[in-house]
Amino acid sequence: MPRPQRAKPHTLSGRNTIVAHASCRVDLAGSTLDLWPLYLFHPGAVTVNFAVNILTRCQIIPAGDQSIHFNSIDTGREDHFRNFDEFCRAKTVQHHLAAHLVRFFLPAGTPQDRGFTIETNSESPAGAGISGSSALMVATVAALSRYTGRKLDREQIRIIAQNVEAQLISVPTGCQDYYPALYGGVNAIHLDVDGIHRQSIAVAPEDIESRFVLVYTGAPRQSGINNWEVFKAHINGDKRVFRNFAQIGVIARAMHAALESGDWPEVARLLGEEWKLRRTNASGISTPLIDKLISAAKRKGALAAKVCGAGGGGCFVLFVREGSHDAVAEAIRKNGGRVLPFRVNPDGVTVVGKSQAQEEA
């Protein structure tokens with residue numbers, strides 16, 4: 001399988017620039033259980049996912065004047081302010097992610113005698129369901145913490161990223177999406193009464209890469225909407241949804257065990273079982289195009305499939321029979337889907353560049 005081309009770093013200035021990268025993810029089992037407090041009602045809850053080298057990036061470039069500039073390369077959204085005070089007074093912005101995080105790290109009244117540009121970019125298609133927004137939150141939090149000289153450990157980065165993302169989308173956010181961005185690799189996210197615990201699963205990257213195909217439907221989805229409907233049904237006591245999540249928890253624990261032992265037939269079976277349960281939680285989790293593409297893929301050697309994230313569009317992942325990867329990918333393309341080539345990314349969030357204080361020292 002050819003290695004996908006990675007976006008080249010974009011250098012805007014000869015000044016010291018802070019650059020942070022973080023990975024998107026593919027989830028295999030246990031999604032939506034990572035919404036607090038749902039997992040507290042399902043003891044032993046776990047989410048299983050892996051990081052992919054579809055990256056998000058945040059750059060912070062010190063300006064030669066007092067101007068503040070936010071620029072989202074992938075969405076085309078920009079904001080320009082003459083100085084920090086003008087930004088603080090602004091009632092509306094285009095680049096909400098950058099604005100929310102700057103207001104957290106540099107609240108109104110913070111002395112600012114030099115401006116900066118925050119430039120963000122994501123290699124993930126819009127609304128793909130592979131946690132592009134969460135990964136970009138992690139990259140931007142990491143970059144701003146370096147820029148402001150605020151030392152944060154990975155769990156602190158996760159908490160800030162998750163809470164600010166909830167402010168942005170106005171519904172509860174799950175925790176699982178941030179851990180592949182923070183740590184890379186293959187992960188089991190254990191959701192316990194005493195907190196969230198990430199465990200690395202020892203799986204050879206080539207075993208993942210040869211057995212899974214990642215497909216983008218071309219139709220963006222809003223994960224917050226689907227998750228919110230399921231969340232409300234669970235909290236309101238919907239017994240069917242509660243039973244489904246109890247069974248999804250069982251499947252996720254079994255998926256963790258199957259990956260650890262390299263039991264690939266069991267991984268395929270569990271992926272299919274998870275999808276059968278998940279699509280009954282709320283209407284719109286699957287779509288006619290998703291169903292069409294999965295059917296076409298199964299005729300060419302796919303054994304199981306499930307949507308990534310909350311569904312309703314975006315991406316889904318296929319488990320394919322050994323040796324059928326290329327045939328399945330071709331069937332997807334012929335039926336209107338887009339295959340996203342990937343590698344498992346072993347690296348967590350990376351940051352290069354100096355803080356303001358370090359640069360001035």
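**View 1. Helix 3 meets helix 4 in this predicted model.** Ser133, Ser134, Met137, Val138, Val141 and Ala142 of helix 3 touch Ile157, Ile160, Ala161, Val164, Glu165 and Leu168 of helix 4, where contact means heavy atoms within 4.5 Å. Helices (H or I, at least four residues) and strands (E, at least two) are DSSP runs, numbered from the N terminus. Helix 3 spans residues 132-148, and its axis lies 9 Å from that of helix 4 at an angle of about 125°. Axes here are lines fitted to C-alpha atoms, for helices over the stretch in contact, with angles running from 0 to 180 degrees between N-to-C directions. That angle makes helix 3 oblique to helix 4; under 35 degrees counts as roughly parallel, over 145 as roughly antiparallel, 65 to 115 as roughly perpendicular, and the rest as oblique. The crossing of helix 3 with helix 4 is right-handed, meaning that the near helix is turned clockwise from the far one by less than a right angle, while an anticlockwise turn is left-handed. The contact residues comprise 9 nonpolar, 2 polar and 1 charged. In this count Ala, Val, Leu, Ile, Met, Phe, Trp, Tyr, Cys and Pro are nonpolar, Asp, Glu, Lys and Arg are charged, and the others, Gly among them, are polar.

**View 2. Helix 2 also packs on helix 4.** Helix 2 (residues 96-105) and helix 4 (residues 154-169) have axes 10 Å apart, at an angle of about 125°. The two are therefore oblique to each other, and their crossing is right-handed. Helix 2 contributes His96, Leu97, His100, Leu101, Phe104 and Phe105, while helix 4 offers Ile160, Val164, Gln167 and Leu168. By type, this contact holds 7 nonpolar residues, 3 polar and no charged.

**View 3. Helix 8 packs against helix 9.** Helix 8 (residues 239-261) and helix 9 have axes 9 Å apart and an angle of about 165°, which makes helix 8 roughly antiparallel to helix 9. Their crossing is left-handed. Look for Ile248, Ile251 and Met255 among the helix 8 residues, and for Trp264, Leu270 and Leu271 among those of helix 9. This contact divides into 11 nonpolar, 2 polar and 4 charged residues.

**View 4. An open sheet of 4 strands has helices lying across it.** The strand order is 9-10-8-11, with antiparallel pairing; two strands pair if DSSP finds at least two bridges between them. At the edges are strand 9 (302-307) and strand 11 (338-339), each pairing on one side only. Strand 8 (residues 212-216) is joined to strand 10 (residues 315-320) by 5 bridges, and Tyr216 sits opposite Cys315 of strand 10. Helix 9 (residues 264-278) lies across strands 8, 9 and 10 at about 45° to strand 9. Helix 10 (residues 288-298) lies across strands 8, 9 and 10 too, at about 160° to strand 9.

**View 5. Strand 6 and strand 7 form a hairpin.** There are 2 residues between these strands. Strand 6 (residues 186-192) runs antiparallel to strand 7 (residues 195-200), and 6 bridges join them. One pair to find is Leu191 with its bridge partner Ile196 in strand 7.

**Notes on the model.** The average pLDDT, the predictor's confidence in each residue from 0 to 100, is 90, and 91% of the residues score at least 70. Residues 1-14 have pLDDT below 50. Residues are numbered from 1 along each chain as its sequence is written, and side-chain values use heavy atoms, with hydrogens and water left out. Local features in this predicted model need pLDDT of at least 70 and side-chain atom pairs count only at pLDDT 80 or more, whereas totals for chains, interfaces and linings use all residues.
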